[in-house]
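Biologist: I have a model on screen and a bench to get back to. Can we go through it in short questions?

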Amino acid sequence: MAQALGHVRLLADRIGELRNHSAKTRALVSLGGTLCNYDKDFAQAVFLRANEALQLVAREEEEEQARNPSKRPPFSVANDLRGQLTTAAAQCDAEIAALLRPADEAKEPSSANDTAPDLNAAMRLLDEKKDEARQLASKAMEGQPGDRTFQDFSLFLLRLRRQDPQAADQLFLTALSRLRAQPKPSSYHLMALGNYLFSSMDVAKIPESANSITFVIVGGVSVISLQFNRPGNSPQTVRTYLEASLDMLSRPPTDTRGQQLDYAAAYQLLPKSRESAPDLAPAFDLAMKRLDPSVPDRMKPSAQNSDLSRLSQPFARSDEEYESDLTNTTDPEKRQALFYQIANAALRKGDFARARKFAADLENKEFRAQFLSLIDFGEAGKAVDDSRLEEALAAVKSLPAGVVRGLMLANIAAAQMKKGETKTGIALLDAAQREAEQVSLSLRPTFLVALISVLARADRDAALQLLTQAVAAFNERDKTEKPWDNTIRIMGGRSVSAAEASLRSNPTGFFMILTFGLSGSASLLRAKGIEAYDLNAKLLRLFSADAERAEAILSQLQDEARIGPVLAALAAAYLDAAQIKPVKTPEKQ
């Protein structure tokens with residue numbers, strides 16, 4: 001154990017020498033989390049070094065902001081790293097987490113688009129350490145939280161509600177009381193909290209909307225839709241929310257945006273009061289009438305095509321409703337959008353015949369071909385999952401050459417090896433590797449890593465040779481492109497692939513998933529047999545018995561943003577190689 005930890009200390013020192021402070025912080029946080037199960041004193045020292053690097057990241061952001069005050073970044077890297085550090089330290093040890101918390105910690109995130117670090121940590125901890133997650137979430141709501149923090153807090157509450165409804169209600173009421181105590185609370189924040197009780201969609205009919213929040217532009221401002229009651233609401237909690245809302249809406253708004261938000265909140269809560277607290281309804285009606293002269297005409301319910309009508313429009317539809325729309329629509333563009341929506345919904349449900357039926361009517365030839373190949377990939381993957389390997393292998397021939405065909409060959413190879421057919425599996429991987437010649441530079445390194453994750457279980461020497469090729473490919477790509485981080489943060493702190501984000505704004509960009517979505521968190525090119533798409537700890541643990549050889553190869557990486565995480569992953573591989581059994585401290589009840 002001493003030898004392994006000694007090697008890890010050398011890796012920690014190498015991480016500490018990185019000049020990219022963001023990469024250094026991220027790597028040290030990861031390393032500290034790994035070490036926590038082996039040597040808490042060492043882990044604490046690493047977390048403290050991560051905290052020092054984080055301060056440098058924050059200082060760089062402040063200096064950049066001072067140089068360009070009009071260009072406020074939409075997302076704070078320092079704030080995100082603070083959330084990662086808080087999470088890792090809290091998962092490790094409460095005393096270490098407390099040690100890292102600055103005494104004069106700000107109560108408000110540095111940007112309205114950022115979530116408070118404590119809430120980021122709470123989101124990550126909820127499934128493992130519920131009580132600590134609740135405490136962090138409560139702390140995040142102290143002071144003057146920003147818009148994004150309120151949004152994500154409501155989503156945290158919805159997740160907590162599935163585990164402990166009583167605790168979620170209590171935390172909700174505490175946050176509501178704090179908001180009410182402000183001189184003039186923002187009705188945007190009021191509606192964000194209301195998302196815990198109400199939804200833009202009927203959750204009973206559309207279960208996947210249970211943990212959602214929907215924004216609608218009304219009168220030029222963003223409003224949170226509160227149209228449907230969420231199942232399981234406590235009548236007393238709803239009444240308390242409505243009473244508090246009425247109190248907050250009775251205080252005069254300070255600007256035009258505040259007037260519009262107050263009006264939209266009163267409009268949405270009026271029917272809720274009629275349903276759950278009829279004695280409060282006249283006061284909500286009076287609040288609307290008081291604000292009526294100060295809002296644009298297009299916001300008023302009496303206006304033709306009132307903006308408020310958008311709040312009651314359905315935000316998700318059933319297959320039958322989509323098909324009914326298709327039957328009743330003659331507009332060519334709307335019909336194309338419906339063909340895509342129906343086909344995509346069918347693909348996600350695994351109904352490949354239905355997906356093909358509607359995809360065949362897509363007019364854009366390139367888009368149609370890409371989409372149909374995606375359906376073929378999904379169907380072949382389902383055959384592998386069901387152990388119909390011959391059928392899957394036959395389907396490979398129809399897949400596009402390059403990354404799509406290569407990934408499916410690797411997926412089948414993994415299934416063959418699982419059955420003990422190692423020779424057959426290696427032959428399939430050889431075929432997959434030949435596909436790399438037709439993979440673009442942007443995708444080639446990640447594609448090679450996917451193959452390595454399968455090959456390493458059968459032939460480590462060959463996998464190490466392929467790792468050399470992957471490192472060279474990463475270096476070549478990093479000369480012209482930033483190290484890949486193809487995920488984009490969206491509401492709720494969740495991440496999706498850049499491809500999915502593109503798809504949301506432009507359905508005809510669906511082919512982006514084939515081009516850029518290989519390692520994206522929501523990519524449809526994922527296959528169960530492939531364990532890794534990046535040089536992470538999961539991959540490098542496959543080389544535990546050859547950790548030093550792997551390190552020699554990986555030391556050839558040139559970009560610090562990639563080197564940092566790799567060094568942290570190597571530390572986990574060395575500890576595995578030493579066969580040290582992690583000692584986990586049981587969570588306090």
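Biologist: In which helix does Leu389 lie?
Modeller: This is a predicted model: local features need pLDDT of at least 70, side-chain atom pairs count only at pLDDT 80 or more, and totals for chains, interfaces and linings use all residues. Residues are numbered from 1 along each chain as its sequence is written, and side-chain values use heavy atoms, with hydrogens and water left out. Helices (DSSP H or I, at least four residues) and strands (E, at least two) are numbered from the N terminus. Leu389 lies in H18.

Biologist: Is Leu389 buried or exposed?
Modeller: Buried means under 20% relative accessible area, exposed over 50%, and partly exposed in between, with a 1.4 Å probe and protein chains only. The relative accessibility of Leu389 is 7%. Because of that value, Leu389 counts as buried.

Biologist: Where do the buried residues of H18 sit around its axis?
Modeller: H18 covers residues 389-396, and its buried residues are Leu389, Ala392 and Val396. Their arc around the axis is only 60 degrees, taken from the directions from the helix axis to the C-beta atoms. An α-helix has 3.6 residues a turn, so residues three or four places apart point the same way. The buried residues of H18 therefore lie on the same side.

Biologist: Which helices does that side of H18 pack against?
Modeller: Contact means heavy atoms within 4.5 Å. Leaving out neighbours within four places in sequence, Leu389 touches Ala383, Val384, Ala415, Gln416 and Lys419. Its C-alpha is also 6.7 Å from that of Ile412, 23 residues away in sequence. The buried residues of H18 pack against H17 and H19.

Biologist: Which helices help cover the buried residues of H16?
Modeller: In H16 (residues 352-359), Phe352, Arg354, Ala355, Phe358 and Ala359 are buried. They are on the same side of H16, because their arc around the axis is only 160 degrees. Exposed Ala353 and Lys357 are on the face turned away from the buried side. The cover on the buried residues includes H14 (319-328), H15 (332-349) and H17 (365-385).

Biologist: Which two residues touch the most other members of the largest nonpolar core?
Modeller: A nonpolar core is a set of buried Ala, Val, Leu, Ile, Met, Phe, Trp, Tyr and Cys residues joined through side-chain atoms within 4.5 Å. In soluble globular proteins, nonpolar side chains tend to be buried together. The largest core here has 163 residues, and the two that touch the most other members are Phe156 and Tyr241.

Biologist: Which helix gives this core its largest share?
Modeller: The share is 11 residues. It comes from residues 403-418, helix H19.

Biologist: How many residues are in the second core?
Modeller: This second core is separate. Its members include Ile342, Phe367, Leu374 and Ile375. The count is 18.

Biologist: Are H9 and H11 roughly parallel or roughly antiparallel?
Modeller: The axes of H9 (residues 165-180) and H11 (residues 235-249) come within 10 Å and cross at roughly 10 degrees. Axes are lines fitted to C-alpha atoms, for helices over the stretch in contact, and angles run from 0 to 180 degrees between N-to-C directions. Under 35 degrees counts as roughly parallel, over 145 as roughly antiparallel, 65 to 115 as roughly perpendicular and the rest as oblique. H9 and H11 are therefore roughly parallel.

Biologist: Which residues of H27 make the contact with H26?
Modeller: The axes of H26 (residues 547-554) and H27 (residues 560-577) come within 10 Å and cross at roughly 170 degrees. H26 is therefore roughly antiparallel to H27. On H26, the contact uses Ala547, Glu548, Glu551 and Leu554. On H27, it uses Val566, Leu570 and Tyr574.

Biologist: How far is the backbone oxygen of Ala450 from a polar side-chain atom of Ser453?
Modeller: Ser453 is in H21 (residues 444-455). Ser453 is buried, at 1% relative accessible area. A polar contact is a pair of N or O atoms within 3.5 Å; within protein, one must be able to donate a hydrogen and the other to accept it, and residues adjacent in sequence count only if both atoms are side-chain atoms. The distance from Ala450 to Ser453 is 2.7 Å.

Biologist: Which residue's backbone oxygen lies 3.1 Å from a polar side-chain atom of Arg159?
Modeller: Arg159 lies in H8 (residues 147-163). Apart from residues up to four places away in sequence, it touches Met123, Leu126, Asp127 and Asn211. The backbone oxygen at 3.1 Å belongs to Met123.

Biologist: What percentage of the chain is buried?
Modeller: The chain has 27 helices and 6 strands. Among its 589 residues, the buried share is 51%.
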